[in-house]
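Subject: Structure handover

Hello,

Here is the structure I promised to pass on. Please open it first, then read my notes below.

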Amino acid sequence: MARTSAQDSTDAPVTQGFLGPDRNWHVGAGLMTLATVVAFTIWAFTHTGTDVNAFLLILAIAFGLFMAFNIGGNDVANSFGTSVGAGTLTMKQALVVAAVFEVSGAVLAGGSVTETVRSGIVDLGGMAIDPLAFALIMMSALLGAAVWLLLATRMGWPVSTTHAIIGGIVGAAVTTGLVTGTGGFAMVQWGEIGKIAVSWILSPLLGGIASFLLFGAIKRRILAPAARAIALGSRGYDDAEDDDDDDEEDDADESWQRHVPASERMTELQQSAFAESAALDLTPGGPGAELIEASANLTKKERKAARKVERKAAYHALEKRVPPLAAGAAMLLAAMLVFKGLDNVGLNISVGGGVLMLVMLALGVWMATTIFARALKKQSISRATFIMFSWMQVFTACAFAFSHGANDIANAIGPFVAVLDVLKTGQIGAEAAVPTAALIAFGIALVSGLWFVGRKVIHTVGTGLTAMHPSSGFAAELAAATIVLLASVLGLPVSSTHILIGAVLGVGIVNHAANWRLMRPIFLAWIITLPAAAGIGAAVVLVLRAMF
């Protein structure tokens with residue numbers, strides 16, 4: 001989990017010169033990326049044969065890896081934004097988690113086959129198109145989507161990579177049809193475009209509703225007692241010293257002003273935990289604020305007695321209410337991985353077997369979380385709450401990373417493998433096998449993009465739209481996973497990126513702290529993603545046709 005900034009500053013002073021305090025990480029990630037590009041290029045030439053157009057193949061590799069890089073910088077960064085913003089993971093830890101689970105998801109469940117035409121958006125079957133023209137369309141789509149994703153990422157806007165690659169294909173295919181006289185706008189399946197437009201509203205709405213309900217319940221049932229205990233502390237925060245001198249009388253000259261400010265005496269971890277409780281329950285006019293005002297009239301003994309009651313309720317909530325929540329989350333995440341992450345592996349699990357597996361998993365998580373909650377009774381309530389939800393959020397982040405690597409990597413690797421198959425066979429195949437080497441290379445490119453360009457999107461999702469803490473971050477991720485799973489089962493036209501943004505806003509609504517001003521340019525970016533990628537893809541295909 002995240003370390004304090006004091007620790008980070010000790011290990012990595014800000015005056016390290018070239019490339020800053022993360023110089024070694026930058027160099028390491030850069031060398032890893034460079035080695036991947038070189039090794040994958042060598043493999044690609046051996047895979048396609050020696051008679052391939054070398055320049056065309058090199059361009060295809062560059063466009064494909066560049067697309068994967070920008071998916072990492074935007075989509076993967078969006079997935080990890082809540083964890084980094086909540087302080088559960090540092091940027092470096094997010095990189096490590098992404099490296100393990102994104103690449104694992106891509107390699108283990110990235111798909112044994114992929115359709116050459118994404119989502120049936122464009123009817124290429126009606127075009128008298130030769131294999132080279134088809135390859136140029138797919139390459140143009142990759143570069144068109146990648147360029148738009150890079151621009152959006154630099155602005156800190158989380159957008160849909162699926163919509164971007166669809167826009168790229170539409171722009172390149174329609175332009176090719178108009179230039180060759182074999183097609184035009186009639187090729188576009190406008191009904192599918194309409195579904196994309198519906199997802200702009202449906203996805204964030206569903207994510208927001210689920211997050212609002214889930215986090216609202218967590219706040220009322222689990223976090224409220226902890227916040228009240230903190231509010232009743234002698235200095236307005238979770239002070240363990242309150243328990244050491246229960247028999248002491250109030251000193252006549254004691255006043256809060258004579259004490260060292262709480263913010264100067266707490267570690268960053270304690271500050272984060274306190275900030276979470278304060279932001280959730282001590283808002284002006286809320287019960288927590290009224291409690292602080294009322295506690296000002298209590299004697300020290302009366303306040304301690306009330307605080308002991310609330311602390312007992314807070315630990316009871318951690319022990320009795322968090323385990324079933326964690327068990328339910330484990331079942332949902334496991335189901336999401338099966339439906340969204342492992343559907344291409346070929347696992348033949350019966351309905352009964354799947355239910356039994358999920359139930360056993362839930363029981364195991366329930367027992368483990370109960371034991372963990374009991375062990376945390378030795379910690380202050382603020383620290384115990386922070387640690388409990390931090391670990392739960394780590395697991396949701398890992399599940400999201402695996403599922404993302406298994407699914408959204410297809411937005412880069414699908415068109416690329418279609419090009420690779422054309423260069424190898426000289427024909428347009430209905431389907432093309434996805435080589436493991438490509439899955440590994442594109443997975444590494446995802447991680448590289450997260451590290452080098454993903455920080456602005458992480459800032460937007462983690463702190464820009466609303467303040468994030470482990471409990472709220474966990475709620476947002478779990479709500480998003482639930483909607484992704486339900487949408488997959490019901491066939492609803494949704495975007496996982498938009499769902500997570502809606503979930504983050506749902507948390508902000510609960511806390512009365514949603515940044516709607518920042519949401520306006522993000523929503524505009526969602527709308528223009530498809531036409532922007534289409535325009536760039538159209539321009540690129542004209543250039544490539546002139547070159548080849």
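Let me start with one pair of helices. In H2, the residues Val37, Phe40, Thr41, Ala44, Phe45 and Thr48 meet a set from H3: Ala54, Leu57, Ile58, Ile61 and Leu65. Sorted by class, this contact of H2 with H3 holds nine nonpolar residues, two polar ones and no charged ones. Please keep in mind that the model is predicted.

How do H2 and H3 pack? Helix H2 covers residues 23-48, and its angle with H3 is about 135°, with the axes 11 Å apart. That angle makes H2 oblique to H3. The crossing of H2 and H3 is right-handed.

Ala62 also sits in H3. Its relative accessibility is 41%, so Ala62 counts as partly exposed. Val37 is 25 residues away from Ala62 along the chain, and their C-alpha atoms are separated by 8.4 Å.

**The whole protein**

Now the overall picture. The protein has 20 helices and two strands. It has 548 residues, and buried residues make up 54% of them. Take the contacts with a separation of 6 or more: residues 24 or more positions apart account for 86% of these.

**H3 again, with H14**

H3 has another partner. Helix H3 spans residues 54-85, and helix H14 spans residues 381-407. The two pack at an angle of about 160°, and their axes are 9 Å apart. H3 and H14 are therefore roughly antiparallel to each other; the cut-off for that term is an angle over 145 degrees. Their crossing is right-handed.

Which residues of H3 and H14 meet? From H3 come Ile71, Asp75, Val76, Ser79, Phe80, Thr82 and Ser83. From H14 come Gln393, Ala397, Ala401 and His404. By class, the contact of H3 with H14 has five nonpolar, five polar and one charged residues.

**The core**

Phe80 comes up again here. The largest nonpolar core has 142 residues, and Phe80 and Phe442 have the most contacts inside it. Which helix gives this core its largest share? That is helix H5 (residues 131-155), with 15 residues. As background, nonpolar side chains tend to be buried together in soluble globular proteins.

What does Phe442 touch, leaving aside its neighbours within four places in sequence? Its contacts are Phe40, Gly64, Leu65, Ala68, Ile409, Ala412, Ile413 and Phe416. Two of these names appeared above: Phe40 is among the H2 residues that meet H3, and Leu65 is among the H3 residues that meet H2.

**H16 and H17**

Next, another helix pair. Helix H16 covers residues 436-453, and helix H17 covers residues 455-464. Their axes come within 6 Å and cross at roughly 75°. H16 and H17 are therefore roughly perpendicular to each other. Leu450, Trp451 and Val453 in H16 meet Arg455, Lys456 and Ile458 in H17. The contact of H16 with H17 has four nonpolar, no polar and two charged residues.

**Two residues in H13**

Helix H13 runs over residues 351-375, and Thr370 is found in it. Is Thr370 buried or exposed? Thr370 is buried, with a relative accessible area of 13%; the limit for buried is under 20%. Leaving aside neighbours within four places in sequence, Thr370 is in contact with Glu319 and Pro323.

Arg374 lies in H13 as well. At 47% relative accessibility, Arg374 counts as partly exposed. Leaving aside neighbours within four places in sequence, Arg374 is in contact with Glu319 and Lys320. Glu319 is thus on the contact lists of both Thr370 and Arg374. Arg374 and Tyr315 are 59 residues apart in sequence, yet 8.3 Å apart in space, C-alpha to C-alpha.

**A loop residue**

Last, please look at His512. It is found in the loop between helix H19 (496-510) and helix H20 (516-547). Phi of His512 is near 55°, a positive value in a residue other than glycine. At 71% relative accessibility, His512 counts as exposed.

Best wishes

Methods:
Residues are numbered from 1 along each chain as its sequence is written. This is a predicted model: local features need pLDDT of at least 70, side-chain atom pairs count only at pLDDT 80 or more; totals for chains, interfaces and linings use all residues. Side-chain values use heavy atoms; hydrogens and water are left out. Axes are lines fitted to C-alpha atoms, for helices over the stretch in contact, and angles run from 0 to 180 degrees between N-to-C directions. Helices (H or I, at least four residues) and strands (E, at least two) are DSSP runs, numbered from the N terminus. Angles under 35 degrees count as roughly parallel, over 145 as roughly antiparallel, 65 to 115 as roughly perpendicular and the rest as oblique. A crossing is left-handed if the near helix is turned anticlockwise from the far one by less than a right angle, and right-handed if clockwise. Contact means heavy atoms within 4.5 Å. Ala, Val, Leu, Ile, Met, Phe, Trp, Tyr, Cys and Pro count as nonpolar, Asp, Glu, Lys and Arg as charged, and the others, Gly among them, as polar. A nonpolar core is a set of buried Ala, Val, Leu, Ile, Met, Phe, Trp, Tyr and Cys residues joined through side-chain atoms within 4.5 Å. Buried means under 20% relative accessible area, exposed over 50%, partly exposed in between (1.4 Å probe, protein chains only).
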